[in-house]
Amino acid sequence: MALLGTLGCYSSELDAFADLAGDFDFLSTHEREVWLARQWSLMAEVGGWRAEFDETLAKLQQSQVGLVSLYSSALAAFTAFMRREREDTSREERATTRTQVLLALRSANPAATWRVETDVSSVPSGACYGRAKWKAMGVGKLASQPGNQEAPQDQADDVAVIPERIFLADEGPSYFWTPAPTTLLLDLGCGWNTPLRLSLGTYPWVYGDRLQAPAPGLSWRSNKTHDPAPLALRIAAGFWHAEGNLKADAREVVAAWKHWRATTAPLVEPLPTWPAAIPEAGVVYREGERLRVHAGDAAKAGVNGPRGFICAAAYNHVQERFAAFFALRRALLRARKSLSPELRKVLIANPDPCVKQQLGIASLQIA
Amino acid sequence: MDEQEEFIESVERDFGVTRREAPPPVSSAVRPPSASSPRRPWLLAGGIAAGVAAVVGGALYLRSRGRDEGESEEPTDASAKPTDAGSDPPAPEPPRPSPRPAGWWDRVPGLPEAPAVAGFDLKANWGATPTELRPLFALMERASQIEGSARIFAVIAKREAGFQATAHNDSNWEVDASRRAYKNARDSNPPLKYGEAAAEFGSGGLFGALAPYFLWTAVREMKAKAPFLGAPPEVMFIPRVAAFGAVAYMVGILSYYKIEDHADIKVGWASPSLLKSGRGSDTYKEIRTRFFADAAELGIDLEDTSTIPESLSAKAWPGVPAVFEALTGLALEETEEG
């Protein structure tokens, strides 16, 4: 019987899969920072802000403080990038509500933000925007408007804004979910007929049935005071930074990963493998755990299945995010004895039986 | 405000640098040996070289002022709080840099060897710390009387300079930082003979000091007699000189900030303000993560209380003249007029 790796408690395939993101020694600052910079580079690439990130990285590499502020500096670069194109004035409230909902989701269960499913009535504004401006207009008032000096003001007050959802509905079954029958309450105020489902660990591809380019999360524009997209990225990036990774319950991520693998494997396995003897332009190849579009656009080419189309860029991104989570978890578990006290505290508090097994405070029977 | 600016500002804010008259013109710049700078480890590893001596002068000057006001020359009280800058007495005439004889710094001995720290354990819990540097770190601990600091200095030197005494960061970013440091602090500190050179220097030495701040080391206590006011920034490349700046800086960190564990010292090394408003920030956490990782990678067990107490204390700090002499072999008073 082959020995299971550090991640073998979750799946015998997981250690090999995590290598997609690269194995590294967490206690080597150089290796750790190179790895982290690569994660951010990949994220910036798919988000279209690679130039901004590269500029930020170059500055950090020159500075005395080096990459210690990579997390905050990269987020700042992305925030600036997103603020170049602000939310329309008429939709400013949408950015505010999106931000509020993301904050609520994070605070409700910080250990389980990779893939969240929640009753929309439990989040701010019912995951709708525009509701606050809803105001029925009386017939008498309408009739009195002509000739009324105050009519323009009254009209402004009485504009009826139809509530709209702040996120799309991932109704499923999709590549991220197979929704079980739910007893969650639905709020039909702005058209929700499913729970709110977001895959924040794979941001900016957050919906399992919309894996085309551009990624949906990149359209979450900022207003003057709220930045939903950078907040979502902060949550996602937490999974490939030490504290956020250790806080996460890996069982949730493993479940999401297994679903993703099960639903995409039938689409990917039949693909020709790279390198090909005679590569054909525009053809999608399977190259290890990634897809490769030869002489084509990874944003347009991909695989198609009963749950929808997945462009190669989205597929690779989702694969990378899962792999990064597990690669970092593995590195942290290996380095557990030399982590900072605060990280060790987080690790010990993690309820995951596999973590407890690694810490030697529980034993598991591997089926 | 970027991190470097925040750091510079925090130095002035936290240590209450006093306002003085504009300094007299400084001499022409002496170019640092940047072209032949052998190592820039932080460019490879993203290191934190943190303007080591940035607050050294500030910390020690507070003690000096206490004595000026009639207090005894007791060692620094680690529980002392920074004095409000607003209560400072009127600034005296701007002091002039102490002239040093030619070749003065050449008189600093080379690295100390084991006999210089007889009785100090140079084998246990040093990990991969270069053996030739262990006596220097031990001497730093012994001279400063900060028990347990030797191995902490080793971890810091690994991060800041990769144990290279002549490490020099003269990147554009770093030179911008040293220019800002000089510009922002020159009006509130004694003039530097090589101020312009320091401004153009960047940072360097075994503990990664930002040049202008390093040269202002100990001005709070020694004022115009501070040891580096007439020195070129290249003195930072002399290990014993860099060591003096580092121990003086650690005294400031231990005395004026809340230090919860050894990693907090490293945070203060990067930016003192992180120990106040920045505590718990992503950068604060990352610096701590780095510190523990560096210690583990180096092979130093931070929990070995037989070599590193749970907390370090500067209460027994003997004062600048004694420590300077112990580390550099030079007596401050004999150098005043060259």
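Hi everyone. When I say helix or strand today, I mean a DSSP run, with at least four residues for a helix and at least two for a strand. Please keep in mind that this is a predicted model.

Let's start with chain A. By that definition, chain A holds 13 helices and 8 strands. The chain has 367 residues, and 46% of them count as buried. If we take the contacts in chain A with a separation of 6 or more, 66% of them join residues 24 or more positions apart.

Now let me pick out one helix, H2 of chain A, which covers residues 29-47. How far apart should its ends be? With 19 residues at 1.5 Å a residue, the expected span is 27 Å, and the end C-alpha atoms are indeed 27 Å apart, so the two values agree. Quite a few residues of H2(A) are buried, among them Trp35(A), Leu36(A), Trp40(A) and Met43(A). That list also includes Arg32(A) and Glu33(A). Just after H2(A) comes Gly48(A), with a positive phi near 80°.

Over to chain B, where there is an open sheet of 3 strands in the order S1-S2-S3, paired antiparallel. Which strands stand at the edges? They are S1 (168-169) and S3 (209-210) of chain B; each has a single partner strand, so one side of each has no neighbour in the sheet. S1(B) pairs with S2(B), residues 203-204, through 2 bridges in the antiparallel sense. Within that sheet, Asn169(B) sits opposite Ser203(B) of S2(B).

That's my tour, thanks for listening!

Technical notes. Residues numbered from 1 in each chain as written. Chains lettered and ligands numbered in written order. Predicted model: local features only at pLDDT ≥ 70, side-chain atom pairs only at ≥ 80, totals over all residues. Buried ≥ 20, exposed ≤ 12 C-beta atoms within 10 Å, placed from the backbone. Contact = placed C-beta atoms within 7 Å. Pairing = 2+ DSSP bridges. Expected span 1.5 Å × (residues − 1).
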